[in-house]
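Student: Could we go through this model together, with each answer reasoned out step by step?

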Amino acid sequence: MLWFHFVDHGSVHHHTYITHRPIVWLTVLLAGLVLRRHFVIGVGLGGVLHMMLDTIAGAIAWGWPFFQHSLSLVTVPATHDHWVLSFMAHWTFQVEITICAIAAFVFWRSSLKGKKT
């Protein structure tokens with residue numbers, strides 16, 4: 001996002017960057033599995049999960065570099081003046097908030113268990 005705002009000045013959608021190519025994160029995941037490095041596996045899984053979640057309402061090129069077509073399951077219509085407001089008013093944002101809330105709860109519960117031992 002820093003590159004998007006400060007270098008591209010928002011002219012190129014960040015989903016077109018190499019960091020939003022599933023093959024990159026699948027490669028990281030595979031490397032972690034082969035090398036048996038839990039941190040690398042976690043980063044790879046996190047990247048793949050991010051690509052899966054971005055596919056709901058954002059265009060992700062799952063077939064890249066073989067196919068340039070991007071897949072998006074839902075189109076968020078422009079219902080407000082700013083795209084952020086349109087996205088926040090869409091049901092897909094509620095899915096993301098729910099996922100974040102569950103993650104925060106799991107983190108909170110696990111930190112409590114760590115303090116008891």
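Tutor: Before the questions, one definition: the radius of gyration is taken over C-alpha atoms, and the globule rule is 2.2 Å times the number of residues to the power 0.38. Please keep in mind throughout that this is a predicted model.

Student: What radius of gyration does the protein chain have, set against a compact globule of 117 residues?
Tutor: For a compact globule of 117 residues, the rule gives a radius of gyration near 13 Å. The C-alpha atoms, taken along the principal axes, fill a box of roughly 50 × 35 × 30 Å. Against the globule value, the radius of gyration of the protein chain is 17 Å.

Student: Which pattern does the protein chain follow along the sequence?
Tutor: The protein chain has zero strands, while its helices number five. Read along the sequence, the pattern is therefore made of helix symbols, given that helices and strands are DSSP runs numbered from the N terminus. Written out, the pattern is α-α-α-α-α.

Student: What percentage of the 117 residues of the protein chain count as buried?
Tutor: A residue counts as buried when its relative accessible area is under 20%. The protein chain exposes about 8,900 Å², of which carbon and sulfur atoms supply 73%. Of the 117 residues, the percentage that count as buried is 23%.

Student: Is Leu85 buried, partly exposed or exposed?
Tutor: Leu85 has its place in helix 4, which covers residues 83-89. Its relative accessible area is 45%, and because buried means under 20% and exposed means over 50%, this value falls in between. Leu85 is therefore partly exposed.

Student: How many Å separate the C-alpha atoms of Leu85 and Cys100?
Tutor: Along the chain, Leu85 and Cys100 are 15 residues apart. In space, the separation of their C-alpha atoms is 19 Å.

Student: Where is Arg36, and is Arg36 buried or exposed?
Tutor: Arg36 has its place in the loop between helix 2 (22-35) and helix 3. Although Arg36 is not a glycine, it has a positive phi of about 55°. With a relative accessible area of 70%, which lies over the 50% cut-off, Arg36 counts as exposed.

Student: Which peptide bond is cis, with omega near 15°?
Tutor: The bond in question leads to Pro65, a residue found in the loop between helix 3 (38-57) and helix 4. With omega near 15°, the cis peptide bond is the one from Trp64 to Pro65.

Student: How many Å apart are the mean positions of the positive and negative charges of the protein chain?
Tutor: The protein chain carries 7 positive and 4 negative charges. Between the mean positions of these two groups, the distance is 28 Å.

Terms used. Residues numbered from 1 in each chain as written. Predicted model: local features only at pLDDT ≥ 70, side-chain atom pairs only at ≥ 80, totals over all residues. Heavy atoms only, no water. Helix = DSSP H or I, 4+ residues; strand = E, 2+ residues; numbered from the N terminus. Buried < 20%, exposed > 50% of the residue type's maximum accessible area, 1.4 Å probe, protein only. Areas by Shrake-Rupley, 256 points an atom, 1.4 Å probe, with all protein chains shown as cover. Lys, Arg positive; Asp, Glu negative; His and termini not counted. Charge placed at Lys NZ, Arg CZ, Asp CG, Glu CD.
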